[in-house]
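This briefing introduces a protein structure to a reader who has not met it before. Please look over the sequence and the model before reading the points below.

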Amino acid sequence: YELGDILDFNSKESKNDIVREQVIVEKDYITAGAELNICFDIQNKLDRDELELNMKVDSILGKEKKMMVYANGQRLDTYMFTGGENYKLSVPTSIIDDDGILIFRFVFPGANTTHQLDVSSDDWRVKSINISSIQLK
């Protein structure tokens, strides 16, 4: 991964190569379930103390959605989404392993099915948030 590149989930390449087994692929975004893991293999030489993670969330399932963020096993943040918004997080470079691997784990404890919110729906897939892009810079 080249720092600053945008994982644009409007692109079939991003959907297929990065997160294909953990999400529901929609037309303009991906829908995360109860958990989403993304691994960055950072090839850049790091000459700073922190990186910035940017996530563009188009919408959420329900009125609010709690997200816990872990990076290489360390809990970095807990955030409450109330709708579509841009999420930003500072990530200390000290947690990146010697091989440049940085694994993010996003956990959504309140993920639910569309059927749980609307009993007339027959969609039983677990959903949490709709993400259109992610960037690490």
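Which residue in strand 7 is the bridge partner of Lys65? The partner of Lys65 is Phe81. The model is a predicted one, and the points below describe its open sheet, its main nonpolar core, its salt bridges and one buried polar residue.

**The open sheet**

- An open sheet is formed by four strands, arranged in the order 4-9-6-7 with antiparallel pairing.
- Strand 4, covering residues 35-41, and strand 7, covering residues 74-81, are the edge strands, and each of them pairs on one side only.
- From one strand to the next, the twist averages 15°.
- In general terms, the strands of a sheet pair through backbone hydrogen bonds, in either a parallel or an antiparallel manner.

**Strand 6 and its partners**

- Strand 6 spans residues 65-71 and runs antiparallel to strand 7, to which it is joined by seven bridges.
- One of the bridge pairs of these strands is Lys65 with Phe81, and another is Ala71 with Gln74.
- The two strands make a hairpin with two residues between them. Asn72, which lies in the turn, has a positive phi of about 45°.
- Strand 6 also pairs with strand 9, in the antiparallel sense and over four bridges. Here Val69 stands opposite Phe106 of strand 9.
- Six of the seven residues of strand 6 are buried, so that the strand is mostly covered.

**The largest nonpolar core**

- The largest nonpolar core consists of 33 residues. Within this core, the residues with the most contacts are Phe40, Leu102, Phe104, Phe106 and Leu136.
- Two or more residues each are given to the core by strand 3 (30-32), strand 4, strand 5 (50-60), strand 6, strand 8 (85-92), strand 9 (101-107) and strand 12 (129-136).
- Strand 5 provides the largest share of the core, namely five residues.
- In soluble globular proteins, nonpolar side chains tend to be buried together.
- Setting aside residues up to four places away in sequence, Phe40 touches Tyr1, Leu7, Gly100, Ile101, Leu102, Phe104, Ile134 and Leu136.

**Leu102 within the core**

- Leu102 is a residue of strand 9. Is Leu102 buried or exposed? Leu102 counts as buried because its relative accessibility is 0%, and the cut-off for buried residues is under 20%.
- Apart from neighbours within four places in sequence, Leu102 is in contact with Ile38, Cys39, Phe40, Ile42, Ala71, Asn72, Val91, Ile95, Ile96 and Leu136.
- Leu102 and Gly73 are 29 residues apart along the chain, and their C-alpha atoms are separated by 9.7 Å.

**Salt bridges**

- How many salt bridges does the structure hold? There are three salt bridges. Side chains of opposite charge can pair when their charged atoms come close.
- Glu35 pairs with Arg105, with the closest N and O atoms 3.1 Å apart. This pair links distant parts of the chain, as Glu35 is in strand 4 and Arg105 is in strand 9, 70 residues apart.
- Glu35 is partly exposed at a relative accessible area of 33%, and Arg105 is partly exposed at 34%.
- Glu52 and Lys137 meet through their side chains in a salt bridge of 3.9 Å, N to O. Because Glu52 lies in strand 5 and Lys137 in the segment after strand 12, this pair ties together parts that are 85 residues apart in sequence.
- Glu52 counts as partly exposed at 24% relative accessibility, and Lys137 is partly exposed with a relative accessible area of 39%.
- Lys56 forms a salt bridge with Asp58, and the closest N and O atoms of this pair are 3.5 Å apart. Lys56 is partly exposed at 39% relative accessibility, and Asp58 is partly exposed at 30%.

**Gln135, a buried polar residue**

- Gln135 lies in strand 12. Gln135 counts as buried, with a relative accessibility of 15%.
- The side chain of Gln135 reaches the backbone oxygen of Gly4 at a distance of 2.7 Å.
- Leaving aside neighbours within four places in sequence, the contacts of Gln135 are with Tyr1, Gly4, Asp5, Ile6, Glu52, Leu53 and Asn54. Among these is Glu52, the residue that forms a salt bridge with Lys137.

Notes
Residues are numbered from 1 along each chain as its sequence is written. This is a predicted model: local features need pLDDT of at least 70, side-chain atom pairs count only at pLDDT 80 or more; totals for chains, interfaces and linings use all residues. Side-chain values use heavy atoms; hydrogens and water are left out. Two strands pair if DSSP finds at least two bridges between them. Axes are lines fitted to C-alpha atoms, for helices over the stretch in contact, and angles run from 0 to 180 degrees between N-to-C directions. A nonpolar core is a set of buried Ala, Val, Leu, Ile, Met, Phe, Trp, Tyr and Cys residues joined through side-chain atoms within 4.5 Å. Buried means under 20% relative accessible area, exposed over 50%, partly exposed in between (1.4 Å probe, protein chains only). Contact means heavy atoms within 4.5 Å. A salt bridge is a side-chain nitrogen of Lys or Arg within 4 Å of a carboxyl oxygen of Asp or Glu. A polar contact is a pair of N or O atoms within 3.5 Å; within protein, one must be able to donate a hydrogen and the other to accept it, and residues adjacent in sequence count only if both atoms are side-chain atoms.
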